[in-house]
Amino acid sequence: METALDKLVELLIKNYPKKVLLDDGSEVMFRPLRKDDGKSLAEFFRNLPLKDRVCLKEDVSDPMVIENWIWNLDYDNVLPIVATHDDRIVGDATLHFSPIGWTKHQGEIRITTDVNYRVKGLGTRLTQDVIHIAQELGLEQISLEISPELQEAFLLCQKLGFKQEAVLKGFIMDLEGKETDLVLMIKHLNA
Ligand SMILES: CC(C)(COP(=O)(O)OP(=O)(O)OC[C@H]1O[C@@H](n2cnc3c(N)ncnc32)[C@H](O)[C@@H]1OP(=O)(O)O)[C@@H](O)C(=O)NCCC(=O)NCCS
């Protein structure tokens with residue numbers, strides 16, 4: 001019998017790498033993150049402005065965080081799809097999911113794009129790709145957890161049909177030690 005993991009591998013082989021055209025006519029490649037991407041991924045996150053990094057779930061400017069991700073790369077728990085241009089990573093979207101427990105029908109998406117590639121549709125296309133993978137895996141809901149400061153991410157979610165379902169007051173402690181709210185955005189995939 002075909003398992004969820006077999007299905008995922010089949011999907012990744014069938015769909016990637018793939019060329020994606022952005023709104024300004026430039027071309028990027030989408031593919032799953034690989035073990036040899038550590039340097040490029042660290043550079044991508046190092047180049048993010050502090051205002052973007054400050055409320056992300058992990059301190060992506062810390063090389064140990066990236067090293068840890070690469071070391072633990074395991075597509076059946078966290079599936080990262082990266083966008084590359086001229087061999088540089090310019091976007092990263094991850095689908096976090098767990099086949100066991102009470103969240104087995106859910107996935108969580110995290111998304112970041114390079115500042116020089118923004119407002120060209122890259123964030124939209126990467127998120128749509130990850131949503132498609134979540135659908136193929138049979139997930140029923142996907143979430144995005146953001147702080148109210150991440151206005152662009154909120155607009156992106158709204159555009160793609162996510163609804164704001166909860167606000168946890170003062171739930172996040174940002175990189176600068178400031179408490180901020182957590183906004184939970186959910187999209188139902190079979191609605
Ligand atoms: C959120 C983010 C991924 C969007 O990436 P992007 O490549 O600019 O995305 P797109 O070009 O596809 O824009 C998607 C939508 O977001 C909105 N948007 C994004 N940037 C915007 C801006 N500067 N002004 C107004 N709307 C904006 C628009 O609704 C846009 O859709 P439209 O162009 O069809 O109107 C990017 O801004 C980012 O990496 N931010 C920092 C990290 C973050 O907040 N991650 C989310 C937490 S997991």
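Start at Gly-123, where a backbone N or O atom lies 2.9 Å from an oxygen atom of the ligand. Thr-113 does something similar: one of its backbone N or O atoms lies 2.9 Å from a ligand oxygen. With Thr-124 it's the side chain that gets involved, as a polar atom there lies 2.5 Å from an oxygen atom of the ligand. Put the ligand by itself and it has 930 Å² of accessible area, and the protein covers 77% of that. Keep in mind that this is a predicted model.

Now step back a little and look at the whole shell. There are 21 residues around the ligand, and the ones that come nearest are Ile-111, Thr-113, Val-119, Gly-121 and Thr-124. By class, the shell has ten nonpolar, five polar and six charged residues. The ligand takes up the space of the largest pocket. If you trace which elements give two or more residues to the shell, you'll find strand S5 (106–113), helix H5 (122–136), strand S6 (141–146) and helix H6 (151–159). Helix H6 makes the largest contribution, with five residues.

What about the pocket itself? The largest pocket has a volume of about 1,100 Å³. It is lined by 43 residues, and Asp-92, Arg-110, Ile-111, Thr-112 and Thr-113 are the closest to its centre. Several elements give two or more residues to this lining: H2, strand S3 (78–85), S4, S5, H5, S6 and H6. Here strand S5 has the largest share, six residues. Sorted by class, the lining comes out as 21 nonpolar, nine polar and 13 charged residues.

Next, move over to the second largest pocket, which holds about 220 Å³ of space. Its lining includes Ala-4, Leu-5 and Leu-8, along with Phe-97, His-105 and Leu-139. Helix H1 (residues 4–15) gives the most to this lining, with three residues. Seven of the lining residues are nonpolar, three are polar and two are charged.

Finally, there's a cavity to find. The structure holds one cavity of 30 Å³ or more, and about 30 Å³ of space lies in this largest cavity. Look for Ser-40, Glu-43, Phe-44, Asn-47, Arg-88 and Ile-89, which line the cavity. Helix H2 (38–46) and strand S4 (88–97) are the elements that give two or more residues to that lining. The largest share, three residues, comes from H2. The classes in the cavity lining are two nonpolar, two polar and two charged residues.

Note on methods:
Residues are numbered from 1 along each chain as its sequence is written. This is a predicted model: local features need pLDDT of at least 70, side-chain atom pairs count only at pLDDT 80 or more; totals for chains, interfaces and linings use all residues. Side-chain values use heavy atoms; hydrogens and water are left out. A residue is near a molecule or strand if one of its heavy atoms lies within 4 Å of it. A polar contact is a pair of N or O atoms within 3.5 Å; within protein, one must be able to donate a hydrogen and the other to accept it, and residues adjacent in sequence count only if both atoms are side-chain atoms. Accessible areas come from the Shrake-Rupley method with a 1.4 Å probe; for residues, only the protein chains shown count as cover. On a 1 Å grid over the protein atoms alone, a cavity is a set of points where a 1.4 Å probe fits but cannot get out, and a pocket is an open set with protein on both sides within 12 Å along at least five of seven lines; lining residues have an atom within 4 Å of a point. A molecule sits in a cavity or pocket if more than half of its atoms lie within 2 Å of its grid points. Helices (H or I, at least four residues) and strands (E, at least two) are DSSP runs, numbered from the N terminus. Ala, Val, Leu, Ile, Met, Phe, Trp, Tyr, Cys and Pro count as nonpolar, Asp, Glu, Lys and Arg as charged, and the others, Gly among them, as polar. Grid points are joined across faces, edges and corners, and a volume is the space filled by probe spheres set on the points.
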